[in-house]
Amino acid sequence: MTLLEFARGPAIHWALIILVAGTIWRLLGVLALTRGADLSRPRDAFGNYKGYRTVFSRAWPSGEFNVATRYQTVVAYVFHFATLIVVVGITAHIEFIQSLTGTSWPALPNAAGVAVGIVALVSLFALIMRRVTKPSIYCSNRGDYITWVLVAAPLITGLMAFAHLGPRYETMLAIHILSVALLFIWFPFSKLMHSIWFVFSRAQSGLTYAHKGVQI
Amino acid sequence: MSTSTAVTAIFPTFEQVCQGFAGQIGMLREMAPKPTLADDVRVERAIDTLIAETNAGEAVWLESCIHCGQCTTACHFFQATGEAKYAPMRKMELYRRIYQREIGPFRWWFKLITSPVKLKDLEALQELVYDSCSECGRCTMVCPMGIDTASLVHHLRSALVAAELVPPELAALTAEQKHRGTIFGASSDALLKIVDTIRDHYGVAIPLDKPSAEVMVLSSAVDLVANGNGLLATARIMNHLGVDWTICSDGFESANFGLLSGDMALWRQQSASITAAAQRIGAKTLVIAECGHAYPALRWNPMVAGGALPFEMVYMSEYLGRQAKAGRLNLTPIEGKITYHDPCKTGRRGGAFEQPRAVLQAMNADYVELPSGREYNWCCGGGAGIFLLERATRLRDESFKIKINQVNATGATTVVVSCASCRLNFEAGRIKNHWDKQVASLVELVADHLIDPPAPAATASQPGVPA
Amino acid sequence: MAHTSTLGELLRSQGVSRRDFLKFCTTTATVMALPASLIPVMADALEQARRQSVIWLSFQECTGCTEALTRSHAPTIEGLMFDFISLDYHHTLQAASGRAAEAAREEAMREHAGKYLLLVDGSIPTVKAYSTIAGISNLDMLKDSAANAAALIAVGTCAAYGGLPMAAPNPTSAVPVSDIIKDKPIINIPGCPPLPQAITGVIAHYLTLGTLPALDAMGRPLAFFGETIHDRCYRRPFYDRGLFAETFDDEGARKGWCLFKLGCKGPVAYNACAHVKWNQGVSFPIQSGHGCIGCSESGFWDSAGIYESIADGQFGTTPKIASAAVVGAVAGAGAAVLARGKKEKKAAAHAANE
């Protein structure tokens, strides 16, 4: 079995299995814990709607907080959106998703995909520079750095494969797919789960504060 | 000034109160109970307590931190010192380790790869959850994941109570309230004594221990043993309003050292005695004195079905605001430019924003909002018992400078507060920094501006005007 | 064919002019990526070349490689050269048969010991009984013939990598030449079939320089197998612009758009089809509207469906992923239920301590 066959076959297959099983395990394992009740009388009847609002309103930090907060938010959004566009916009990725789910959609021209991929990588570097140069603000641990590497690796190896940089194309392609497999395996055991948790964590606080009549 | 005829003020000024308090607090350290249990028992109890209080909500928050660092922007302790250990997310780290090892979904793995918690980990935690967190909730306002750090810190305090690791001043007062039902020696005798003094010297009657009343008013040790002006002002206002009110000598203390220290049993015990008294006298309204944490202790007590109680609980500033909006407070105008500092526990974590402002409006105040006000207000740095901790002095002092700048930016001459902790902290900060602003308490301000008909002091009971 | 002593004599006798001969040398040298200075050297060497003994062994093969080589074009210099070499043994082309054929082979091996080229097409079954010639198993014949060969050329994907016989379930336990012969230089010229120019180019290189050309890590001459089809494909601009044929008769197909989504293996297939093309440069599969099947790559029969894009997941068992979801749900719910129990115990312990 060549490296490419291994990567496209058992590696990505098992990575997806671990991704799905691990994510659902972690989600249920937490959400099915007991729910504490707040028996105090709520302030108004303005309802839970205002509490759930926090899930969306928290997407942008209040102007009360300093410019650095908004800078980081912007760079993080650029990274997230650019990566998303790369993942769902490049032909080969859409083919893969189609082979799993049956759905597909029009792809971006390769040049656009590469440009957006470079934007994603640059913003990722901007974020790690900030993290590394301001240790007191970030309290980074090993997981933060491993996550960064495993997110950067598919971007870097994908661009390298496309540009025919580094090893032979099919080897670079295999490395790219293996790096994605590693990312999938890491996902459920890392802070990447925030992509799902944010809905619950924001909603909980939104409800807690709305109970007292404060919109956050 | 006071509208009663010239009576010499016998109660200390608040500056004197503040200085007196500093002396009293200093003595507390000696009175703190010493740990009695073995180290491993303390650790085990801490873990048991923490896990018993950890539900899905806490678990989700612990899982959600992405180490983005934005919480540091919001925290006055971090901003004042720049020290990494005061970053709010640091407070969660030990909690997260315990949670992941005990009830997290992958605990079998974490038990393998992480080290068990030791007493020294809990000892290191003390500073993070007592000295450098006032549970003000400002970090929650900026966190992109909306993590409620303050409530997690509360659970951590509960764990440290079980581990006998409460800071000495808090531990002393907690023990006093638990075993003697008093703090700073403020017993029902002290209450009786000051009620007599106020009646005899000022001619202001305080109906004590009525068998039934519409409005039950709380006081606090600060007023009873130090700031008599606070109780005096409260009584003046209640009499001005002409409501059927009383203070119960078996349920008068607003301060709840169970909540402050994290001792859940004491929290329950202390609040139960208050609500029992209110039920006994058939009260419709319970008015909490200007004691910030008393609001979450009573009104937002999650352990008691408040909706099932026959009375509603309101904070003093809420009550005054209601009366002001209903036009029942006749007040003279107030001079100078005024701004208002929302106490964290009644503002951002209590929801009572409009009412104190209505009171100031009723005094025709030239009012200006603080920059970063209301739910974004900076904590004064003294809440959640921090004011009592001698070793937190530097943290309080440094973070108060943020407050000074915030108030200065408004150009106001007076900053109004409505919480004893805030007021003590403001006063101490004003003195230390030679700050040129006046610090006023809302209730005393209202009392000073009452337009009372020139009549003799109100007698013990009055035909009730519903509150 | 009358015996002539040198290739030069043969060509002249067939009416090939000096100019045409030099054109051939130039083209071959260029295609082999040899420096221009070698062209006169090649011309001289070929002119003087004595007949090279070549033994061609055919094992588990379809004869496609021979067909491609011998039928692909009108008589050309390649063909004449092929005639020139002393093809001492070839199942399809030889006149002799039976014992006489085997005898010819053995005599050539003796007479040209250490100097003959051994060309092999077809894979070799390691279970000997599956393929024999004149009662001799392929395995034994290969080992025997290779012992005194100067070099081996594995012609076609079957000989180079195992090819079709080795595809799952590999019923004959077939293996490529390089799995059997370890002590001789082997050039792989894969393809199903390989480009005729690849075969003749390598032979011409050997005749000229007496050495084998530069090879890649898989033993293939870099001159023909150094680039992918994708990198030389004339439809590449459509790939780059994201214009693909989705089916074989849609607008994209009619307009000649990229065939990536229809399973073209061009990006991972190393061969020269896209620029050398077939039938003397007439066309190649993609130009005819069908994706490359990657026939020069090892294991191409098993690696993916011909019409499955290389970007597709190669496991197709979404049911397994669905059952992973179930496993995760059970484990997670179980963990939570156990945690609730633990919490209750701790709450009770805590209450007891108060």
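Two strands count as paired if DSSP finds at least two bridges between them. With that in hand, here is a set of close-up views of this predicted model, beginning with chain C.

**Figure 1. A parallel sheet of five strands in chain C.** This open sheet of 5 strands follows the order 2-1-3-7-9, and the pairing is parallel. At the edges you will find strand 2 (86–89) and strand 9 (186–189) of chain C; each has a single partner strand, so one side of each is left without a neighbour in the sheet. On average, neighbouring strands here are turned by 25° against each other, direction ignored.

**Figure 2. A closer look at strands 7 and 9 of chain C.** Strand 7 (residues 151–155) of chain C runs parallel to strand 9 of chain C, and 4 bridges join the two. Which residue in strand 9 is the bridge partner of C:Ile153? Look for C:Ile187.

**Figure 3. Two helices laid over the chain C sheet.** Helix 6 (residues 98–111) of chain C lies across strand 1 (53–58) and strand 2 of chain C, and runs at about 125° to strand 2. Helix 11 (residues 196–209) of chain C lies across strand 3 (117–121), strand 7 and strand 9 of chain C, and its angle to strand 9 is about 155°.

**Figure 4. Where the two domains of chain C touch.** The domain assignment splits chain C into domain 1 (7–224) and domain 2 (229–303). Their C-alpha centres lie 28 Å apart. Domain 1 of chain C brings 15 residues to the contact and domain 2 of chain C brings 13 residues. On the domain 1 side, the elements that give two or more residues are helix 8 (156–161) and helix 11 of chain C; helix 11 is the one we just met lying across strands 3, 7 and 9. By class, that domain 1 side has 9 nonpolar, 5 polar and 1 charged residues.

**Figure 5. Chain C as a whole.** To place the views above, step back to the full chain, with its 18 helices and 9 strands. The radius of gyration of chain C is 28 Å, well over the 20 Å that the globule rule gives for 354 residues, so chain C is more spread out than a compact globule. Along the principal axes, its C-alpha atoms fill a box of roughly 110 × 50 × 40 Å.

**Figure 6. The contact between chains B and C.** Here 10 residues from chain B meet 11 residues from chain C. Helix 2 (residues 39–52) of chain B supplies the largest share of the chain B side, with 5 residues. By class, the chain B side has 6 nonpolar, 1 polar and 3 charged residues.

**Figure 7. Three domains in chain B.** The assignment gives domain 1 (14–24 + 181–325), domain 2 (39–164) and domain 3 (337–448). The centres of domain 1 and domain 2 of chain B, taken over C-alpha atoms, are separated by 33 Å. Where these two meet, 4 residues of domain 1 are in contact with 5 residues of domain 2. By class, the domain 1 side has 1 nonpolar, 2 polar and 1 charged residues.

**Figure 8. A parallel sheet of four strands in chain B.** In this open sheet, 4 strands take the order 6-5-7-8 with parallel pairing. Strand 6 (366–367) and strand 8 (438–441) of chain B stand at the edges with a single partner strand each, so one side of each is left without a neighbour in the sheet. Strand 5 (residues 337–340) and strand 7 (residues 414–417) of chain B run parallel and are joined by 3 bridges; B:Ile338 has B:Thr414 in strand 7 as its bridge partner. Helix 21 (residues 420–433) of chain B lies across strand 7 and strand 8, running at about 165° to strand 8.

**Figure 9. The contact between chains A and B.** Chain A gives 48 residues to this contact and chain B gives 49 residues. Helix 1 (3–31), helix 3 (67–89), helix 6 (135–138) and helix 9 (194–211) of chain A are the elements that give two or more residues to the chain A side. Helix 9 of chain A gives the most, with 10 residues. By class, the chain A side has 19 nonpolar, 18 polar and 11 charged residues.

**Figure 10. Helix 1 beside helix 8 in chain A.** The axes of helix 1 and helix 8 (residues 169–186) of chain A come within 8 Å and cross at roughly 10°. That makes helix 1 of chain A roughly parallel to helix 8 of chain A, because angles under 35 degrees count as roughly parallel. Residues of helix 1 at this contact include A:Leu4, A:Ala11 and A:Leu19, while those of helix 8 include A:Leu173, A:Ile177 and A:Phe184. By class, the contact has 17 nonpolar, 1 polar and 2 charged residues.

Definitions and conventions
Residues are numbered from 1 along each chain as its sequence is written. Chains are lettered from A and ligands numbered from 1 in the order in which they are written. This is a predicted model: local features need pLDDT of at least 70, side-chain atom pairs count only at pLDDT 80 or more; totals for chains, interfaces and linings use all residues. Two residues are in contact if their C-beta atoms, placed from the backbone, lie within 7 Å. Axes are lines fitted to C-alpha atoms, for helices over the stretch in contact, and angles run from 0 to 180 degrees between N-to-C directions. Ala, Val, Leu, Ile, Met, Phe, Trp, Tyr, Cys and Pro count as nonpolar, Asp, Glu, Lys and Arg as charged, and the others, Gly among them, as polar. Angles under 35 degrees count as roughly parallel, over 145 as roughly antiparallel, 65 to 115 as roughly perpendicular and the rest as oblique. Domain bounds come from an automatic or database domain assignment. The radius of gyration is taken over C-alpha atoms; the globule rule is 2.2 Å times the number of residues to the power 0.38.
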